[in-house]
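Biologist: Got a minute to walk me through this structure? I'd like to poke at a few spots and see what you make of them.

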Amino acid sequence: MVKRKLREPLEDRKGNLYFDGFSVEELAQKYDTPLYVISEKRIRENYNRLYNAIVDKYKDVHIYYACKANPNLTVLNVLQSEGAYLDAVSPCEVFMGLSSGYTPDRILFTGTSVRNDELKFLADAGITINIDSQSELDRLLKIAVPPTISVRVNPEVGAGHHNHCITAGPQTKFGLWEEAALKAYATAKKARVERFGIHMHIGSGILEIDPYLQAVEKLLSIAKRVHDELGIDFEFIDIGGGLGVPYQPEDKELDLSEFVSKVVSLFKSKVKEYHLGKPFLCIEPGRYLICDASVLLTTVNTLKITPHHKFIGVDAGFNTLIRPTMYGSYHQILVANNLNPKNTDMFDVVGPICESGDILAKDRELPQVVEGDVLAILNAGAYGFSMSSQYNSRPRAAEVMIRQGKPVLVREREQFQDLLTTQRITQQGE
Ligand code: LLP
């Protein structure tokens, strides 16, 4: 019998899976599946672990939660109550932030290919913008001259768990290269912008420290040039998000104390060496704060054996969790009522979507399941619900949060009718 090692907030109670103190099977029964279950406690722990580790070394720190990872309003509100700031990439994410308790001064916008009406919305709302191109800056300055401008630079180093998630370096559309960044700051200064920040984001799901160190070094060398050549002081320096988390059971966690001591030490020494004053150190984690704070529950409905595969058919597909299909990502799967199985076999876990790529796990060793069993897909909190869709006209899943010791529904399951509300059938001649 294999005794599984589970990470918090997962627990093995006599072979049955519990999440933040609640039976996963009972949650599935009460709220139906597919269901995202979120742990408030784990979100708070993740935030405080990271904040305390950094603040210990550098007291002027702001943690901007990257809303795109999971924009549920209660998630945003929980982080806001801990003191988090918000990293938004679209006007609606700004709207979500404002609707969940963030004041405009606690929101930073880092968009790309931003429209003029969106720039106006941000300027009117008093949101600080990380500029992603000279084009965006020129168009913004025609609309309004904001008190603060930050420039997203491309530090020429990228990293990430998949090519799609590398957001700096030679191949990406993001950020301004060194000379272009200098030009953007000169433009903003000439337009009488008063306060400045500088920003980078090199990628997502990074488990190595070296790329960060190289990128922080480059970012600060660009900051030095802007400071020396244009006389600009920085109110904040934002080193982006990207902190990886373990997905495979044997993956090691990012060594947080090593990350903080190396990255923050480098930051501090360069800020001092380059006479950059006392800027806020900003960091923008999404995944790190929310990933392991949520599981996706799905029910087995079909067992099918073909000459080539043993399929387990479940009610969540790539409409509910797209990461395995989109990036080939691994998500651990547990059978809720059979954590320490005697017999296992190799299965493909597949969803209800009419595409062959609708595979949550391929050739996965799992215990024999029966129809009606509940599976828990781990690490579903980041980029799970937020990337889900209504493809195949399937209403999106519900979200429940274990909050102050009890489960509460924080997003209702969509109904058929919800897919019709924005559509019209026009009559002939209309
Ligand atoms: N800041 C900016 C400007 C970003 O573009 C991102 C992520 C983050 C912060 C947060 O990165 P994190 O700490 O979560 O790694 N859908 C992909 C991830 C794409 C992330 C893109 N940008 C996935 O499921 O892995």
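**A walk through the model**

Modeller: Sure, let's start in a loop: Gly-101 counts as partly exposed, because its relative accessibility is 36%. Bear in mind throughout that this is a predicted model.

Biologist: Which elements flank the loop that Gly-101 lies in?

Modeller: That loop runs between α4 (91-99) and β7 (107-109). In space, the C-alpha of Gly-101 is 8.2 Å from the C-alpha of Leu-76, and the two are 25 residues apart in sequence.

Biologist: OK, on to the ligand. How many residues surround it, and which are the closest?

Modeller: There are 20 residues around the ligand, and the closest are His-161, Ser-204, Glu-284, Arg-323 and Tyr-383.

Biologist: What's the mix of classes in that shell?

Modeller: You get 6 nonpolar, 8 polar and 6 charged residues around the ligand.

Biologist: And which side chains have an N or O atom close to a ligand nitrogen? Start with the distance for Glu-284.

Modeller: For Glu-284, a polar side-chain atom sits 2.6 Å from a nitrogen atom of the ligand. Tyr-327 has a side-chain N or O atom 2.7 Å from a ligand nitrogen. With His-201, the distance from a side-chain N or O atom to a nitrogen of the ligand is 3.5 Å.

Biologist: How much of the ligand does the protein cover?

Modeller: On its own the ligand has 580 Å² of accessible area, and the protein covers 93% of that.

Biologist: Switching topic: cysteines. How many disulfides turn up in the whole structure?

Modeller: The search comes back with 0 disulfides. Take Cys-67: its nearest cysteine sulfur belongs to Cys-92 and is 8.6 Å away, and Cys-67 is in no disulfide. Cys-92 is in no disulfide either, its nearest cysteine sulfur being that of Cys-67.

Biologist: Why doesn't 8.6 Å count for Cys-67?

Modeller: Because a disulfide needs the two cysteine sulfur atoms within 2.5 Å, and the sulfur nearest to Cys-67 is 8.6 Å away.

Biologist: Is Cys-67 buried or exposed?

Modeller: Cys-67 counts as buried, because its relative accessibility is 0%. Cys-92 is at 43% relative accessibility, so it counts as partly exposed.

Biologist: Let's do strands. What's the order in the open sheet of 3 strands?

Modeller: It goes β1-β2-β3, with antiparallel pairing. β1 (10-13) and β3 (22-23) are the edge strands; each has a single partner strand, so one side of each has no neighbour in the sheet.

Biologist: How many bridges hold β1 to β2?

Modeller: β1 and β2 (residues 16-19) pair over 4 bridges, in the antiparallel sense. Leu-10, for instance, has Phe-19 in β2 as its bridge partner.

Biologist: And further along the chain, what does β14 pair with?

Modeller: One partner is β13 (residues 294-305), which pairs antiparallel with β14 (residues 310-314) over 5 bridges. Those two are joined by a hairpin through 4 residues. β14 is also joined to β16 (residues 344-350) by 3 bridges, and that pair runs parallel.

Biologist: Where does Phe-311 fit in?

Modeller: Phe-311 in β14 has Lys-304 opposite. In β16, the bridge partner of Phe-311 is Asp-348.

Biologist: So what else does β16 pair with?

Modeller: β16 also pairs with β17 (residues 359-367), in the antiparallel sense over 6 bridges. There, Val-350 stands opposite Ile-359 in β17.

Biologist: Two last residues. Where's Thr-172, and is it buried or exposed?

Modeller: Thr-172 is in the loop between β9 (148-152) and α7 (178-190). With 18% relative accessibility, Thr-172 counts as buried, because the cut-off is under 20%. A polar atom of the Thr-172 side chain lies 3.4 Å from the backbone nitrogen of Phe-174.

Biologist: And Pro-211, which helix is that in?

Modeller: Pro-211 is found in α8 (residues 210-230). Pro-211 is buried as well, with a relative accessible area of 15%.

Biologist: How far is Pro-211 from Tyr-31?

Modeller: Their C-alpha atoms are separated by 43 Å, and the two residues are 180 apart along the chain.

Key
Residues numbered from 1 in each chain as written. Predicted model: local features only at pLDDT ≥ 70, side-chain atom pairs only at ≥ 80, totals over all residues. Heavy atoms only, no water. Near = heavy atom within 4 Å. Polar contact = N/O pair within 3.5 Å; in protein donor to acceptor, adjacent residues only side chain to side chain. Areas by Shrake-Rupley, 256 points an atom, 1.4 Å probe, with all protein chains shown as cover. Nonpolar A, V, L, I, M, F, W, Y, C, P; charged D, E, K, R; others polar. Pairing = 2+ DSSP bridges. Buried < 20%, exposed > 50% of the residue type's maximum accessible area, 1.4 Å probe, protein only.
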